[in-house]
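Visitor: I should like to learn how the features of a protein model are read. Please take me through them one at a time.

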Protein chains: 2
Amino acid sequence: MQWYEFLTQPQVEQVHEASMWILANVGIDLRYAPALEVMKKGGARIDGERVFLPAGLVEEQIRKAPAEFTLHARDSDFDVVIGGQHMVFTPGYGATFVADLDHGRREGTLNDFENFVKLTDASPYQDICSGMFIEPSDVPHEIRHVQMIYTAMKNSAKPIMGSAMGVQGAMDSIMMASIVFGSQGQLSQKPRMISILCSLTPLVYDERMLGAIMEYARAGQPQLISSLAIAGATSPATLAGTLAVQNAEVLAGIVLAQLIREGTPVVMAGASTNADMHTGALSTGSPEMALNTAATAQMARFYGLPVRGGGAVCDAKYPDAQAAYESMMSLLTARFSGVNFVLHSAGILDSYNCMSYEKFIIDDEMCGMVKRMQKGYDVNPDTLGLDLIREVGPGGHFLDKDHTFDHFRTEFYQPQLSSREDFFSWQASGSRQSVARANKKYKEILETHEAQPLPADVDEDLLKFIEKLT
Amino acid sequence: MQWYEFLTQPQVEQVHEASMWILANVGIDLRYAPALEVMKKGGARIDGERVFLPAGLVEEQIRKAPAEFTLHARDSDFDVVIGGQHMVFTPGYGATFVADLDHGRREGTLNDFENFVKLTDASPYQDICSGMFIEPSDVPHEIRHVQMIYTAMKNSAKPIMGSAMGVQGAMDSIMMASIVFGSQGQLSQKPRMISILCSLTPLVYDERMLGAIMEYARAGQPQLISSLAIAGATSPATLAGTLAVQNAEVLAGIVLAQLIREGTPVVMAGASTNADMHTGALSTGSPEMALNTAATAQMARFYGLPVRGGGAVCDAKYPDAQAAYESMMSLLTARFSGVNFVLHSAGILDSYNCMSYEKFIIDDEMCGMVKRMQKGYDVNPDTLGLDLIREVGPGGHFLDKDHTFDHFRTEFYQPQLSSREDFFSWQASGSRQSVARANKKYKEILETHEAQPLPADVDEDLLKFIEKLT
């Protein structure tokens with residue numbers, strides 16, 4: 001297996017050197033005293049909130065992070081390996097709005113959150129339950145994070161994500177995980193939740209993110225250490241400069257995690273892209289973002305780290321052709337460049353603003369196609385089928401052969417949404433576009449899918465824990 | 001630059017050996033006596049129409065084909081190199097129907113053909129004018145091919161394609177090219193048209209294709225030697241077996257072309273895919289087709305030949321999300337696997353049945369995005385921008401910097417169709433989906449685009465040539 005790589009190895013090293021120069025000479029602001037303390041003890045020079053990291057310190061700490069790790073699920077059939085040749089999908093994260101064909105766009109609620117958990121649990125292609133499909137606007141701010149984690153735990157047996165709401169969010173997440181999965185000692189042996197912690201580009205981390213990074217590192221829980229530099233706005237309008245900034249930020253976060261606990265599982269997460277200079281808006285459907293995904297994967301391989309990038313991200317406002325070509329570009333680029341963790345793999349619309357029910361189904365089909373491609377195919381005497389080719393001969397056909405019946409189910413992807421009937425059948429059944437088919441499909445899934453229930457005593461303990469917070 | 005490759009090198013060699021075994025032991029039917037004659041003289045064993053090719057003969061002839069070549073245009077600014085790291089786009093080929101939002105689906109006419117020539121000529125991303133966007137149903141069958149070539153020559157200064165209508169189609173194409181570009185001797189020095197010639201899977205070539213291959217080879221004009229095996233129908237339901245059949249067929253065609261004229265420029269063209277076993281139909285939007293594209297590219301690199309694969313192909317019946325995700329999957333896979341020639345790069349819908357005006361515009365945007373990715377980016381002191389990063393510092397911004405203004409226009413792709421405004425602006429301007437925006441756009445182009453005129457005397461000579469045929 002050989003990944004797509006457009007940077008030469010000397011260019012990768014040049015970007016690494018640039019990031020080392022930035023961390024040593026420009027520095028990075030950590031707006032949280034305990035994080036400054038850890039960095040100082042680790043050998044960094046501190047000036048107020050600014051931290052200057054010598055290259056030796058960075059390189060030494062980075063080496064302590066594992067190249068791959070397992071994230072464990074409630075049902076061990078859903079355990080996933082993050083790193084190596086593996087690729088996992090996690091649906092949209094952090095949207096304010098939800099939309100569907102029936103009700104248009106509106107603020108998300110806990111019921112919407114629960115619906116997306118169920119769609120994720122039912123999907124054959126989504127691997128991890130997103131920690132925040134949408135902000136549930138009908139839940140008081142102080143307990144949103146625990147309500148979301150509880151809803152995810154109850155409605156899905158797949159791996160889950162923790163809260164990024166600072167020290168408290170991380171501690172509550174870890175407490176809830178230990179109610180379900182056992183003591184914190186056990187948790188650190190068998191990680192149970194992954195969280196996404198982001199820098200504030202350029203070259204800042206705020207208290208909330210630093211607090212969470214430190215708590216999760218202490219508990220040995222995996223983290224996506226993430227940077228979203230916006231070329232032309234929060235980083236240079238050149239993608240090389242943007243990559244150097246992103247890389248410096250992510251490395252600083254990883255150093256902090258490793259200084260807290262050696263071997264903390266981390267993912268190098270690059271979500272940088274460009275600003276659209278006409279509108280000033282962030283563009284997530286741009287080819288520049290896809291290029292950054294491929295480049296981030298090269299940097300992560302250089303460091304021997306798992307990598308996050310891509311997603312079914314788009315600038316489109318409706319699940320139309322634009323939404324689909326932007327999302328497929330980003331998903332497939334992640335695949336071809338060897339990305340291990342794809343966040344926003346289903347449902348996300350209008351940059352990161354909205355979760356669409358129909359787009360979730362459309363994107364899930366894309367994820368299925370990308371996973372079929374990931375499987376590749378075997379070349380061996382049976383699959384080459386030379387005897388069969390001789391038997392059929394020039395001008396013959398293979399339709400009624402045993403070899404065909406033996407193989408097509410495993411060899412061919414079975415679409416769940418795409419139309420493959422002929423034009424007249426399609427027309428006769430209502431000329432339905434993808435979005436209309438997806439609307440029908442998501443309702444069918446919500447009506448029929450049953451999650452594996454939480455044990456009653458665990459459920460009760462979780463509810464008690466939440467009650468104490470309110 | 002490193003391409004995506006999922007077959008190991010031993011697997012590539014195994015497929016090669018399988019193809020050699022097929023050509024030597026199963027044989028291939030050539031339904032055209034002059035082709036049998038050439039193969040016999042070249043050293044093949046002939047039994048009736050069946051030709052058995054020893055591996056030594058195949059390997060020796062394949063080596064004579066160039067690894068890359070230039071296809072010349074009426075305007076030399078549009079000359080293209082086919083092979084190496086290059087990738088050229090040629091829109092949809094061979095559809096029966098056309099469609100747009102205003103008139104729905106209908107049989108194609110010469111006026112539609114002309115419109116697509118103009119859209120191709122106007123596009124910044126399409127490189128070669130398709131030889132048969134649609135079958136012009138209003139033109140008598142005998143002169144369709146010359147009318148299409150004339151229409152392409154008159155309305156576009158980009159490189160063109162020749163007719164695949166047997167010996168006569170090829171000879172007429174070559175005659176018309178020499179009216180515009182000079183003698184046949186000059187043509188063979190500076191190739192002016194590329195044609196697509198296909199096997200009849202499994203393991204047959206008909207008279208029409210063989211006649212054209214031989215004529216074009218004599219005239220030194222480049223050819224896409226193409227196979228479209230349908231896994232489960234015309235080849236085994238395993239993709240390895242399908243690749244072996246495709247490869248055997250294409251190699252046989254290339255051997256014929258090289259035996260006619262050593263060094264004939266050829267492209268290894270693999271369009272194989274799978275049957276959808278529920279409907280029995282060919283699927284062009286399948287991940288299996290994308291895998292075959294990537295595998296074909298590996299085979300072509302093994303032989304040192306340029307490669308064709310992929311396209312904006314889809315099973316969708318409407319330019320909706322499905323059309324877009326299938327098309328982008330196929331286009332981007334071509335890019336990441338190092339494909340040189342992408343046929344069907346814009347407009348094609350409903351497998352190969354229909355050309356859609358709106359989809360042409362949507363696909364052209366995708367082609368622009370894929371070409372932006374192809375460009376990659378530079379890593380150098382200016383693009384890394386370390387001094388600027390230090391000047392801005394943690395927490396600053398880059399919006400008003402000279403470096404930003406100097407770079408964003410060349411660094412960032414400018415969409416021609418995609419919406420990047422915010423949700424409320426999009427809503428205020430009519431909540432238009434991609435297909436509605438594309439409808440407006442294609443009409444604007446047809447109203448405003450002016451082709452570089454043919455010299456009047458050349459135009460007259462072409463018309464006289466056509467008149468003589470009727």
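The dialogue below treats chain symmetry, strands, helix packing and cysteines in turn.

Guide: This is a predicted model, in which local features need pLDDT of at least 70 and side-chain atom pairs count only at pLDDT 80 or more, while totals for chains, interfaces and linings use all residues. Residues are numbered from 1 along each chain as its sequence is written, chains are lettered from A and ligands numbered from 1 in the order in which they are written, and side-chain values use heavy atoms, with hydrogens and water left out.

Visitor: What rotation and shift superpose chain B on chain A?

Guide: Two copies of a chain are related by a rotation about an axis and a shift along it. Here chain B is brought onto chain A by a rotation of 180 degrees with 0.0 Å of shift along the axis, at an RMSD of 0.0 Å. This is the relation of a two-fold axis. Both copies use the same surface, since 100% of the contact residues of chain B recur in chain A. The superposition is by least squares on the C-alpha atoms of residues with pLDDT of at least 70 in both copies, and contact means heavy atoms within 4.5 Å.

Visitor: In what order do the 3 strands of the open sheet of chain A lie?

Guide: Strands of a sheet pair through backbone hydrogen bonds, either parallel or antiparallel. Strands (E, at least two residues) and helices (H or I, at least four) are DSSP runs numbered from the N terminus, and two strands pair if DSSP finds at least two bridges between them. In chain A the order is 13-15-16, with mixed pairing. Strand 13 (230-231) and strand 16 (282-283) of chain A are at the edges with a single partner strand each, so one side of each has no neighbour in the sheet. Strand 13 of chain A pairs with strand 15 (residues 273-275) of chain A in the parallel sense over 2 bridges, and Ile230(A) is opposite Thr273(A). Chain B also has an open sheet of 3 strands in the order 13-15-16, where Ile230(B) is opposite Thr273(B).

Visitor: Is strand 14 of chain A enclosed or open to its surroundings?

Guide: Burial is read from relative accessible area: buried is under 20%, exposed over 50%, and partly exposed in between (1.4 Å probe, protein chains only). Strand 14 (residues 266-270) of chain A has 5 of its 5 residues buried, so it is largely enclosed by the rest of the structure. Val266(A), Met268(A) and Gly270(A) point one way, and Val267(A) and Ala269(A) the other. Strand 14 of chain A runs parallel to strand 12 (residues 223-227) of chain A, joined by 5 bridges, with Gly270(A) as the bridge partner of Ser227(A). Another 2 bridges join strand 14 of chain A to strand 17 (residues 307-308) of chain A, also parallel, where Ala269(A) is opposite Arg308(A).

Visitor: At what angle do helix 1 and helix 3 of chain B pack?

Guide: Axes are lines fitted to C-alpha atoms, for helices over the stretch in contact, and angles run from 0 to 180 degrees between N-to-C directions. Helix 1 (residues 9-26) and helix 3 (residues 55-62) of chain B pack at about 120 degrees, with axes 9 Å apart. Helix 1 of chain B is therefore oblique to helix 3 of chain B; under 35 degrees is roughly parallel, over 145 roughly antiparallel, 65 to 115 roughly perpendicular, and the rest oblique. His16(B), Met20(B) and Leu23(B) of helix 1 meet Ala55(B), Val58(B) and Glu59(B) of helix 3.

Visitor: How many disulfides are found over all chains?

Guide: A disulfide is a pair of cysteine sulfur atoms within 2.5 Å. The search finds 0 over all chains. The sulfur of Cys129(A) has its closest cysteine sulfur in Cys367(A), 14 Å away and too far for a bond.
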